Amino acid sequence: MGRKLLCGLIAGVLVASYVYTPLLHNFEEPWKLMLINTQIKTFLHLGTFFEFLGSHNILDLFSKLVSFNEVPPTSDESVTVTDTKFNNIPVRVYVPRRKAEEPRRAVFYIHGGGWASGSAALSNYDLFSRKTAERLNAVVVSTNYRLSPKYHFPIQFEDVYIALKWFLRENILEKYGVNPERVGVAGDSAGGNLAAAVAQQLLDDPDVKVKLKTQALIYPALQPLDLHSPSYRENSHMPVLSRSLMVRFWSEYFTTDRSLEEAMLSNQHVPVESSHLFRLVNWSSLLPEKFLKGHVYTNPTYGSSALAKKYPGFLDVRAAPLLADDSKLRGLPVTYVLTCQYDVLRDDGIMYVTRLRNAGVQVTHTHVEEGFHGAMAFLELKIAFKLENQYISWLSENL
């Protein structure tokens, strides 16, 4: 009896330690978050095992698992939904049925998923785009793009940029009844990265006559140079997106060569000849005091020049929008940035807010104290609706 009790206690401790999730301050539904995080951890551990056996890349497995949540394009009494292609890039378009007195505004949306998973057809993105179109009486274009690890940077960026340029053509905007002066770009996580990158790229493109009115970036990933900022340190084991997983997403965006991932994990991947770029992502000068919390900035330890020459993408402004110089930032549209306290990417968004404001760009920054990365995707949580409403309300006022 005593041995059974001891075994039961040990099993209970092991299960408790496995499902344990760090409690987020003021979070309303900790048990729901714990269940979500346990499911993610279980998949990651199983995926790591299969990857160890050499049968699959874990990001491929994750993408396949996520794809089971895809839904077909289904129109309803409020919104017409169609799948089509913009210059060979698959997109899903949402057009309100409500009569418009004048040309509509439009949102070009880019999904997240670490550049490795997700699609416009995922049920949460489909519902999100549907709500945006209905509440704003706006056309929403939700774009797809090819994913890592099969495809690497700049493929994801180029796919999104091709689709956006196509949408901004005068005849396409006219086809969908869109006012060319009221078009915005938006995205979450990796999609926020791509949204920021294409917004910058449009500024230098002589072929594009339409200027974006807004950009909305939801917990965006904006730089892979310093992966040891306060938010990476504080939230390295927080729910949904750990530091190690984010580093894997970053490294696989550029290559399946695990040597880059190893260098990024140790934060020793930027070569000395690129040291001048660190001033653009120096969190000690770009973060407000409340986010520094006694963290001490140390000079970077430089990495291999050979690695950077082999995989130069992580030093490319199209992959790291925070590397844009101030002259580029000045031309950007009115901006919305949403950050979450318990997110390794928190500081990326806050640093971009600082740099944009310093460049004279009008920025609304919403910081969610009880938020975590990807919160808006989990529709079973109350916080998802809070973040969604804040985003749509901002668009309603600014787009």
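Visitor: Why are E3 and strand E4 (residues 139–143) said to pair, and in which sense?
Guide: Two strands pair if DSSP finds at least two bridges between them, and E3 and E4 are joined by five, in the parallel sense, so the pair meets the definition. One residue couple in this pairing is Tyr109, which stands opposite Ser142 in E4. The path between the two strands runs from E3 through helix H4 (residues 123–136) to E4, and this β-α-β crossover is right-handed, a term for a path that runs clockwise from the first strand over the helix to the second when the strands point away from the viewer. The elements themselves are DSSP runs, numbered from the N terminus (helices: H or I, at least four residues; strands: E, at least two). This is a predicted model, in which local features need pLDDT of at least 70 and side-chain atom pairs count only at pLDDT 80 or more, whereas totals for chains, interfaces and linings use all residues. Residues are numbered from 1 along each chain as its sequence is written, and side-chain values use heavy atoms, with hydrogens and water left out.

Visitor: What makes E3 and strand E5 (residues 178–188) a pair?
Guide: E3 and E5 pair in the parallel sense over six bridges, and in E5 the bridge partner of Val107 is Gly184.

Visitor: Why is strand E3 (residues 104–110) called largely enclosed by the rest of the structure?
Guide: Seven of the seven residues of E3 are buried, so the strand is largely enclosed by the rest of the structure; buried means under 20% relative accessible area (exposed is over 50%, partly exposed in between, with a 1.4 Å probe and protein chains only). Arg104, Ala106, Phe108 and Ile110 point one way from E3, while Arg105, Val107 and Tyr109 point the other way, and all are buried.

Visitor: How do you know that Asn57 makes a polar contact at the start of H3?
Guide: A side-chain oxygen of Asn57 reaches to within 2.7 Å of the backbone nitrogen of Leu59, and a polar contact is a pair of N or O atoms within 3.5 Å (within protein, one must be able to donate a hydrogen and the other to accept it, and residues adjacent in sequence count only if both atoms are side-chain atoms), so the distance fits the cut-off. In helix H3 (residues 58–67), the buried residues are Ile58, Leu59, Leu61, Ser63 and Val66.

Visitor: What makes a space a cavity, and which residues line the largest cavity?
Guide: On a 1 Å grid over the protein atoms alone, a cavity is a set of points where a 1.4 Å probe fits but cannot get out, while a pocket is an open set with protein on both sides within 12 Å along at least five of seven lines, and lining residues have an atom within 4 Å of a point. The structure holds two cavities of 30 Å³ or more, and the largest has a volume of about 80 Å³, a volume being the space filled by probe spheres set on grid points joined across faces, edges and corners. Tyr109, Asn124, Tyr125, Phe128, Asp188, Tyr219, Met376, Ala377, Leu379 and Glu388 line this cavity, and the largest share, three residues, comes from H4.

Visitor: How is the largest pocket lined?
Guide: About 900 Å³ of space lies in the largest pocket, which is lined by 33 residues, with Ile40, Phe62, Val66, Ala377 and Phe378 nearest its centre. The largest share of this lining, five residues, comes from H2.

Visitor: Why does Asn87 count as partly exposed, and what is unusual about its phi?
Guide: Asn87 has a relative accessible area of 40%, which is why it is partly exposed. Its phi is near 55°, a positive value in a residue other than glycine, whereas most residues other than glycine have a negative phi, and most peptide bonds are trans. Asn87 lies in the loop between strand E1 (79–86) and strand E2 (89–96).

Visitor: What is the phi of Lys293, and where does this residue lie?
Guide: Lys293 has a positive phi of about 45° although it is not a glycine, and its place is in the loop between helix H12 (289–292) and helix H13 (305–310). At 46% relative accessibility, Lys293 counts as partly exposed.

Visitor: Which peptide bond joins Ser148 and Pro149, cis or trans?
Guide: The bond is cis, with omega about 5°, and Pro149 is found in the loop between E4 and helix H5 (155–167). The bond from Phe153 to Pro154 is cis as well, with omega near 10°, and Pro154 is found in the loop between E4 and H5.
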